[in-house]
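Good morning, everyone. Please bring up the structure on your screens, and we will walk through it together.

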Amino acid sequence: MSLEEDLRRALRRESPAPGFAARVLERIERDGEPATQVRQHSGRTWRAVAASLTLTALLGGWAFTVHQRREGERAREQVLLAMRIAGEKVRYAQQEVRTIGSTD
Amino acid sequence: MRKFIVALTLMLLAASPLAAQQINLDFPGLADRAEEVVDVTLDATMLRLAAKFLGKEGDEREIRDMINGLSGIYVRSYSFAKDGEYDRAQIERFRSQLGSTWKALVTVRSKTKDNVSIMADMRGERINGLVIIATEPREFTIVNIVGNIDIERLSRLEGEFGIPKISKDGRND
């Protein structure tokens, strides 16, 4: 057989098997086109990033609030201590002045 | 532009006497020798924060009102195991920082009890700061309040406010 006849036979048009078109359409519907798949993946990724950032911000805010509360309570105690000491000394001085005044 | 600079300079010079004096409350080496130390350092920011956490009734409310507008509260108190553990010259050095605007309101001297000196930074009729110096043979205390404080209201504070003295090793007494 000649090369020409071989080529003619190999490149001969053939009809597809029955149901081929239906199978292809079904697969397209199931998997979607490649470009749609990429868009879905991108959307999911961005939502995950946004959720992570939100969670990080919330946790950071909570930690800051806890820290500030602790600092505030500590400052309150320090103010009370300082005022107690100052008040004691002032009262003592006033009392001594009154005592001296009453014995004069 | 030149007039603006001159006016600004004059304003700053006029305002400077109203500014509160910064007093050095460092006493090197005393904390190591003391049995008990109280060290309170509260600037304006910390006072504003503390005010948010003070109660709305009784003495805490009174204190909250009193500290409104103060620029700072500083306390150094040292208690020692024996007489003569601190150098009175350090107290005199501290006192020498107080400028001419400082006036002695009360001075109590006793051989057996506390010596107390209360001094106020007077700017006209207004008190701009208060210093209380209390000394005993085994203890001395300095309180510096920066800002306008009502001494009468201070003396009326009766309670301990549930705040114990903190000993040197951090235990509450």
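**A two-chain predicted model**

Let's start at one residue. Asp114(B) is partly exposed, because 18 other C-beta atoms lie within 10 Å of its own; a buried residue would need 20 or more, an exposed one 12 or fewer. Keep in mind that this is a predicted model.

Where does Asp114(B) lie? It lies in the loop between strand S3 (102–108) and strand S4 (115–123) of chain B. What does Asp114(B) touch, leaving out residues up to four places away in sequence? In chain B, the partners are Val108(B), Ala134(B) and Glu136(B). There is also a partner in chain A, Tyr92(A). Now look at Thr135(B). Asp114(B) and Thr135(B) are 21 residues apart in sequence, yet their C-alpha atoms are 5.7 Å apart in space.

Now step back to the two chains. Chain A has 3 helices and 0 strands. From the N terminus, the order is α-α-α. Of the 104 residues in chain A, 15% are buried.

Chain B mixes both kinds of element. The count is 6 helices and 6 strands. Reading from the N terminus, the order is α-α-β-α-α-β-α-β-β-β-β-α. Chain B has 173 residues, and 27% of them count as buried. Take the contacts in chain B with a separation of 6 or more: 57% of those join residues 24 or more positions apart.

Next, strand pairing in chain B. Find strand S6 (residues 139–146) of chain B. Is this strand mostly covered or mostly open? Mostly covered: 7 of its 8 residues are buried.

S6(B) has pairing partners. One of them is S2(B), which runs antiparallel to S6(B) and is joined to it by 8 bridges. Within S6(B), Glu139(B) stands opposite Ser79(B). Another is strand S5 (residues 126–136) of chain B, again antiparallel to S6(B), again over 8 bridges. Here Thr141(B) in S6(B) stands opposite Ala134(B). We met Ala134(B) earlier, as a contact of Asp114(B). How many residues sit between S5(B) and S6(B) in their hairpin? The answer is 2.

On to the interface. 32 residues of chain B are in contact with 24 residues of chain A. Which element of chain B gives the most to that side? Helix H3 (residues 44–53) of chain B does, with 6 residues. The chain B side that touches chain A divides into 26 nonpolar, 3 polar and 3 charged residues.

Stay with H3(B) for a moment. Met46(B), Leu47(B) and Ala50(B) are buried there. They cover an arc of only 100° around the axis, so they sit on the same side of H3(B). Go round to the other side of H3(B), and Thr45(B) and Lys52(B) are exposed.

Now the core. The largest nonpolar core has 44 residues. Which of them have the most contacts inside it? From chain A, they are Val79(A), Ala82(A) and Ala86(A). From chain B, they are Leu42(B), Ile73(B) and Ile132(B). H3(A) gives the largest share of this core, with 10 residues.

Let's zoom in on Leu42(B). Leave out residues up to four places away in sequence. In chain A, Leu42(B) touches Ala75(A), Gln78(A), Val79(A) and Ala82(A). In chain B, Leu42(B) touches Leu47(B), Ala50(B), Gly72(B) and Ile73(B). Two of those names should ring a bell: Leu47(B) and Ala50(B) are among the buried residues of H3(B).

Last topic: confidence. For the complex, the predictor gives an ipTM of 0.80 and a pTM of 0.69. Chain A has a mean pLDDT of 85, and 86% of its residues reach 70 or more. Among its elements, helix H3 (residues 34–103) of chain A has the lowest mean, 85, and helix H2 (residues 20–31) of chain A has the highest, 88.

Chain B averages 84, and 82% of its residues score at least 70. Where in chain B is confidence highest, and where lowest? Strand S2 (residues 72–79) of chain B is highest, at a mean of 96, while helix H1 (residues 2–15) of chain B is lowest, at 63. Over residues 164–173 of chain B, the pLDDT is below 50. Beyond near neighbours in sequence, that stretch has 13 contacts in the model.

That's the tour. Thank you.

Terms used: Residues are numbered from 1 along each chain as its sequence is written. Chains are lettered from A and ligands numbered from 1 in the order in which they are written. This is a predicted model: local features need pLDDT of at least 70, side-chain atom pairs count only at pLDDT 80 or more; totals for chains, interfaces and linings use all residues. Two residues are in contact if their C-beta atoms, placed from the backbone, lie within 7 Å. Helices (H or I, at least four residues) and strands (E, at least two) are DSSP runs, numbered from the N terminus. Ala, Val, Leu, Ile, Met, Phe, Trp, Tyr, Cys and Pro count as nonpolar, Asp, Glu, Lys and Arg as charged, and the others, Gly among them, as polar. pLDDT is the predictor's confidence in each residue, from 0 to 100. The arc is that of the directions from the helix axis to the C-beta atoms. A nonpolar core is a set of buried Ala, Val, Leu, Ile, Met, Phe, Trp, Tyr and Cys residues joined through C-beta atoms within 7 Å. Two strands pair if DSSP finds at least two bridges between them.
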